[in-house]
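Work through the following exercises with the sequence and the coordinates at hand. Each task is followed by a solution that proceeds step by step.

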Amino acid sequence: MRALLLVTLCGLVHGQYFQEPEKIVSYSRDLGDTRGHYSFAYETEGGIVQQESGSRKYAGTADETQLIQGSVQYNAPDGTPIAMSWTADEFGTQVSGTHIPTPPPIPPAIQRALEWIAKQPTTPEPLEKDNPTQNAVPRDSRQYRLPLK
């Protein structure tokens, strides 16, 4: 009886966590050159579609950097279509997708306050030649003792 239970449990676990990989319907790749140019794309019979490409930005300049762009589409286990795209460059990685949470909108009062602050002129505090740290917060040199009980 224990052996039958163990075999059944192993079968369930194997079916849940060790599924056969999906077959690839189409696949293309271009490894380009040694300067960072490449591209690939594939589609599986389960509906996963992914593509990605890489290239150089500002080639031949001191600001030369890698640019990677890509996207993927698939269906979540509950059937919800998921679409995600990304760009990675000198500004970091920016990811967008229909399923990625977004922050709530800024309340109108806070937005007005931020706009008001942005419009205010900046006025740096003048420093005296003799006292360059005049604007520093003074340190409290007093020592406190806890009363003994």
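**Exercise 1. Helix α2**

Determine how many residues of helix α2 are buried, and check whether the length of the helix agrees with its residue count.

Solution. In this predicted model, α2 is hardly covered, since the count of buried residues among its 12 residues is zero. For the length, take helix α2 as residues 108-119 and apply 1.5 Å a residue, which gives an expected span of 16 Å. The C-alpha atoms at the two ends of α2 are 17 Å apart, so the expected span and the model agree.

**Exercise 2. The chain as a whole**

State which secondary structure elements the protein chain contains and in what order they follow, and then describe its burial and its surface.

Solution. Begin with the inventory, which consists of two helices and six strands. Along the sequence these elements are arranged as α-β-β-β-β-β-β-α. Turning to burial, 9% of the 149 residues of the protein chain count as buried. The accessible surface of the protein chain amounts to about 13400 Å², and carbon and sulfur atoms hold 59% of that surface. Finally, consider the contacts between residues at least 6 apart in sequence: 14% of them join residues at least 24 apart.

**Exercise 3. The sheet and its edges**

Work out the order of the strands in the sheet, and explain why β1 and β6 each have one side without a neighbour.

Solution. The six strands form an open sheet in the order β1-β2-β3-β4-β5-β6, with antiparallel pairing. Because β1 (24-30) and β6 (92-97) stand at the edges and each has a single partner strand, one side of each is left without a neighbour in the sheet. Between neighbouring strands of this sheet the average turn is 5 degrees, with direction ignored.

**Exercise 4. Pairings and turns from β2 to β5**

Follow the strands from β2 to β5, giving for each pair the number of bridges and an example of residues that stand opposite each other.

Solution. Start with strand β2 (residues 38-44), which pairs with β3 in the antiparallel sense over six bridges; here F40 stands opposite E52 in β3. The two strands form a hairpin with four residues between them, and G47 in the turn has a positive phi of about 100 degrees.

Next, β3 pairs with strand β4 (residues 65-75) over nine bridges, again in the antiparallel sense. Within this pair, V49 stands opposite Q73 in β4, while the bridge partner of K57 in β4 is T65.

The last step takes β4 to strand β5 (residues 81-89), an antiparallel pairing over eight bridges, in which Q69 stands opposite T87 in β5. Five residues lie between the strands of this hairpin, and G79 takes a positive phi near 95 degrees.

**Exercise 5. Two residues of β3**

Decide whether K57 and Q50 are buried or exposed, and identify the polar contacts of their side chains.

Solution. K57 lies in strand β3, which covers residues 49-57. With a relative accessible area of 18%, K57 is under the 20% cut-off and is therefore buried. The side chain of K57 makes a polar contact of 3.5 Å with the side chain of D89, and another, of 3.3 Å, with the side chain of E90. Not counting residues up to four places away in sequence, K57 touches D63, E64, T65, L67, D89 and E90, a list that includes T65, its bridge partner in β4.

Q50 also lies in strand β3. Its relative accessible area of 15% is under 20%, so Q50 is buried as well. A polar contact of 2.8 Å joins the side chain of Q50 to that of Y42. Leaving aside neighbours within four places in sequence, Q50 is in contact with F40, A41, Y42, S71, V72 and W86.

**Exercise 6. S71 in β4**

Classify S71 by its accessible area and list the residues with which S71 is in contact.

Solution. S71 is found in strand β4. Its relative accessible area is 21%, which lies between the cut-offs of 20% and 50%, so S71 counts as partly exposed. Apart from neighbours within four places in sequence, S71 is in contact with V49, Q50, Q51, M84, S85 and W86. As a last step, compare sequence with space: S71 and T87 are 16 residues apart in sequence, and their C-alpha atoms are 9.0 Å apart.

Technical notes: Residues numbered from 1 in each chain as written. Predicted model: local features only at pLDDT ≥ 70, side-chain atom pairs only at ≥ 80, totals over all residues. Heavy atoms only, no water. Buried < 20%, exposed > 50% of the residue type's maximum accessible area, 1.4 Å probe, protein only. Polar contact = N/O pair within 3.5 Å; in protein donor to acceptor, adjacent residues only side chain to side chain. Contact = heavy atoms within 4.5 Å. Pairing = 2+ DSSP bridges. Axes fitted to C-alpha atoms, helices over the stretch in contact; angles between N-to-C directions. Expected span 1.5 Å × (residues − 1). Areas by Shrake-Rupley, 256 points an atom, 1.4 Å probe, with all protein chains shown as cover.
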